[in-house]
Amino acid sequence: MDLLRTYTDQNDVELDDPEDHNQNPNPNTPSPDASPPRLLPGKSAAPKVDDTMLALTVAQAHHALSRPIDPVQHAVAFNPTYDQLWAPIYGPAHPYAKDGIAQGMRNHKLGFVEDASIEPFVFDEQYNTFHKYGYAADPSASAGNNYVGDLDALRENDSISVYSIPQHEQKKRKIEKKKEMEEDKDPEEVVDKVELDNPASDTWLMKNRKSPWAGKKEGQQTELTEEQKKYAEEYAKKKGEERERGGEKGEIVPDKSTFHGKEEKDYQGRSWIAPPKDAKATNDHCYIPKRLVHTWSGHTKGVSAIRFFPKHGHLILSAGMDTKVKIWDVFNSGKCMRTYMGHSKAVRDIWFCNDGTKFLTAGYDKNIKYWDTETGQVISSFSTGKIPYVVRLNPDDDKQNILLAGMSDKKIVQWDMNTAQITQEYDQHLGAVNTITFVDNNRRFVTSSDDKSLRVWEFGIPVVIKYISEPHMHSMPSISLHPSTNYLAAQSLDNQILIYGTRERFQLNKKKRFAGHIVAGYACQVNFSPDGRFVMSGDGEGKCWFWDWKTCRVFRTLKCHEGVCIGCEWHPLEQSKVATCGWDGLIKYW
């Protein structure tokens, strides 16, 4: 059929324009008797593209502009209009919900609650207005219908809220205020014109006062009631008793001690605290411990400090947060030998005297107690009414009666324990005192504080001879003296151990810095090995770290405790053994 239609069209052209055909004869034009030409399909150089998906996308976009938005969907592929966003939910009621709300839409037991941004004052105003008058403003309503509740009451009260004062009420208050001012005036009082013009006089203040309190003189004190008199007498009596006792003291707790060993003296009459005669130093060099030897468990809460018996180390003293102090056997049975109970709150610090026969304890109950190690009796007790954070005895043998305590009220207090009198107060710090360390043959001592500074004092003179404070410094809750007495190791709360010289300048040694552990926020103890070759410290993850003194490299770490490893002590004789304590209530011997 296509061939016939083509042939017919050509004949029509010849008949319509015969002159043109005669004038421009074309020898290539086929004659009517010839067969019709064959038509070939056209070809395009462009690649064929399937535009089905494009058409579907355009159709979906047009459809999306008209269809409602599903409130459960998380993403919208186009910019919807306001009407589309806030249109009501279309569709039938949900078959499994009574109120027709899908489970994914429900955020309240009664249905779906929209979030509204409203100030607390505005909400309280509308809430109280609704409960008083029966109507309230609706912030989510459309224009022209901004109130809910009793509309009749709304018209009667002129849409006032509980916080808006009507005009007649304002007039009433002004009249009452004016009457009060007139009543205050004395009719017989003669006004002095000089005082009236003087701004410093009471007359001028009374005339020109602007606030309810301006110009009112304080009246004379009236007589006390019976109840007030009784309270004043009791308060004066209580203050007098405190003054007689020497001010506010710590809590008074009965002192008790329990011996847990078999007998306090052996068959030769030697005390249980006497050191064994065969205890000697094993070697001159210290080595890092590798395995756990023994674990002491007896404290019900964390252990805040441990101290070996001086020079021999056959006993170890521990201060617990369960208010108890215990002493343990190290060489033989490994059991608790005696428990000292004299504090009502956690024990913060402990310290032996030089021969170990007595020791000090400082507790959060604001008491410092001096104990007899053997009998468990309290020799003396001290308190200033503030919490002692650190206690130390003067290391000199002839000054073992001198006690120094760093207090929470920024002072270092010095007592003479023979007379129980305060002989000196060192008051320069700006925060609670954390450490006291004697240097320079015990003629000076270094203190650190929460004020992020170090201060050096001459013993007995309350004047700072060296003040160390830099912007980059952090608080240093623990300081230890090197066995050579030439260096101080300070545990800094920026997770590093800093070294200071103990000579005249007390300069920071920038070449020695020990890091790698995490101690920020914890008062973990730092210590040296007896030969000075290793630095040791606990950390906040329960590990005990060992560094080489010369190279400052980490030598070894031991996982010691669950929680914080707060204290670490090197044994004075057995050079390869270490004791650690932590917040898990355990004392471990390595």
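Q: Where in the chain is Asn441 found?
A: Asn441 sits in the loop between strand 17 (433–439) and strand 18 (444–449). Strands here are DSSP runs of E with at least two residues, helices are runs of H or I with at least four, and both are numbered from the N terminus. This is a predicted model, where local features need pLDDT of at least 70 and side-chain atom pairs count only at pLDDT 80 or more, while totals for chains, interfaces and linings use all residues. Residues are numbered from 1 along each chain as its sequence is written, and side-chain values use heavy atoms, with hydrogens and water left out.

Q: Why is Asn441 called exposed?
A: A residue is exposed over 50% relative accessible area, buried under 20% and partly exposed in between (1.4 Å probe, protein chains only). Asn441 has 67%, so it counts as exposed. Its phi is worth a look too: near 55°, a positive value in a residue other than glycine.

Q: What makes Cys552 buried, and where is its place?
A: Its relative accessible area is 16%, and that falls on the buried side of the cut-off. Cys552 is in the loop between strand 27 (543–548) and strand 28 (554–559). Although Cys552 isn't a glycine, its phi is positive, about 65°.

Q: How do you know that the length of helix 5 agrees with its residue count?
A: The expected span is 1.5 Å times one less than the number of residues. Helix 5 has 14 residues (120–133), so it should span 20 Å, and its end C-alpha atoms are indeed 20 Å apart.

Q: Which residues are buried in helix 5, and how are they arranged around its axis?
A: Glu125, Gln126 and Thr129 are the buried ones. Seen down the axis, the buried residues fall within an arc of 90°, so they line one face of the helix. That arc is taken from the directions from the helix axis to the C-beta atoms. The face turned away from the buried side carries the exposed residues Pro120 and His131. The buried residues pack against strand 1 (135–137), and just after the helix comes Gly134, with a positive phi near 95°.

Q: Why are Phe123 and Tyr127 called a stacked pair?
A: Rings of Phe, Tyr and Trp (its six-membered ring) pair if their centres lie within 6.5 Å; planes under 30 degrees apart are stacked, over 60 edge-to-face, and the rest tilted. By that rule there are 28 aromatic pairs. For Phe123 and Tyr127, the centres are 6.1 Å apart and the planes stand at 20°, so the pair is stacked. They're 4 residues apart in helix 5, which means about one helical turn separates them. Phe123, at 47% relative accessibility, is partly exposed, and so is Tyr127, at 46%.

Q: What makes the pair of Phe352 and Phe359 edge-to-face?
A: Their planes are 70° apart, with the centres at 6.0 Å, and that angle passes the edge-to-face cut-off. Phe352 is buried, at 6%, and Phe359 is buried as well, at 0%.

Q: How do you know that Val325 is buried, and what does it touch?
A: Its relative accessibility is 1%, so it counts as buried. Val325 lies in strand 7 (residues 324–329). Contact means heavy atoms within 4.5 Å. Leaving out residues up to four places away in sequence, Val325 touches residues including Leu317, Tyr340, Ile350 and Phe359. Val325 and Met341 are 16 residues apart in sequence, yet 6.6 Å apart from C-alpha to C-alpha.

Q: Why does Ile402 count as buried?
A: Ile402 has 12% relative accessibility, which puts it among the buried residues. It's found in strand 14 (residues 402–407). Beyond four places in sequence, the residues Ile402 touches include Arg392, Trp415 and Phe459.

Q: What makes residues 13–28 a stretch to read with care?
A: pLDDT is the predictor's confidence in each residue, from 0 to 100. Over residues 13–28 it stays under 50, and the model has 0 contacts there beyond four places in sequence. Where pLDDT is low, the predicted coordinates should not be read in detail. For the protein chain, the mean is 79, and 78% of residues reach 70 or more.
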